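I opened this model to follow how its sheet and one of its helices are put together, and I am writing down each thing as I look it up.

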Amino acid sequence: MNSFLEDCDCEIAITSIGLDGEELDQVTLLEKPQIIVRPGYFVATASETLTQLTCKYKIVEETDIITAIGKVVIVKIITGGKALVAGPAKVEDISKLIKSLQKLKID
């Protein structure tokens, strides 16, 4: 994902159907590349992951989508850094989240 993001010169939204961006994989305990975010990106993630972001951000929407680690919020990245991302796992919740993101007119 980081390779794709490096080459992407547009506003983009990032989410996950699990947990991504952690230093160690929760299942295999192997190292994983963390997700690098840049100013202008949007991240849809569970509220409990916000303390793990190493960048400044602004909450633009608090959704009614609930995950095991909190309500999904949409944040706009203000300064670059690393993000831990935990989005919804249900198809219906992903669909709702996509509709919320489309309202933001992201590239």
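What covers the buried residues of H2? I kept in mind from the start that I am reading a predicted model. The cover over the buried residues of H2 includes E1, E4, E5 and E6, and I therefore went through those strands before returning to the helix.

**Entry 1, the sheet.** I traced an open sheet of four strands in the order E1-E4-E6-E5, and the pairing within it is mixed. E1 and strand E5 (57-67) stand at the edges with a single partner strand each, so one side of each has no neighbour in the sheet. Helix H2 (residues 91-103) packs on this sheet, where it touches E1, E4, E5 and E6, and its direction makes about 155° with that of E5.

**Entry 2, the pairings.** I then checked the strands pair by pair. Strand E1 (residues 13-14) runs parallel to E4, with two bridges between them, and I found Ile14 opposite Val43 in E4. Between E4 and strand E6 (residues 70-77) the sense is antiparallel, with five bridges, and here Phe42 has Lys76 in E6 as its bridge partner. E5 and E6 are also joined in the antiparallel sense, by seven bridges, and Tyr57 has Ile77 in E6 as its bridge partner.

**Entry 3, strand E4.** I looked up burial along strand E4 (residues 42-46) and noted that five of its five residues are buried, so the strand is largely enclosed by the rest of the structure.

**Entry 4, helix H2.** I compared the length of H2 with what its residue count predicts: at 1.5 Å a residue, its 13 residues should span 18 Å, and the end C-alpha atoms lie 19 Å apart, which agrees. Which residues of H2 are buried? I listed Asp93, Ile94, Leu97, Ser100 and Leu101. Looking down the axis of H2, I saw that its buried residues fall within an arc of 120°, so they line one face of the helix. On the other side of H2, Val91, Glu92, Lys99, Gln102 and Lys103 are exposed.

**Entry 5, past the helix.** I followed the chain a little further and noted that Lys105, just after H2, takes a positive phi of about 55°.

Key:
Residues are numbered from 1 along each chain as its sequence is written. This is a predicted model: local features need pLDDT of at least 70, side-chain atom pairs count only at pLDDT 80 or more; totals for chains, interfaces and linings use all residues. Side-chain values use heavy atoms; hydrogens and water are left out. Buried means under 20% relative accessible area, exposed over 50%, partly exposed in between (1.4 Å probe, protein chains only). Two strands pair if DSSP finds at least two bridges between them. Contact means heavy atoms within 4.5 Å. Axes are lines fitted to C-alpha atoms, for helices over the stretch in contact, and angles run from 0 to 180 degrees between N-to-C directions. The expected span of a helix is 1.5 Å times one less than its number of residues. The arc is that of the directions from the helix axis to the C-beta atoms.
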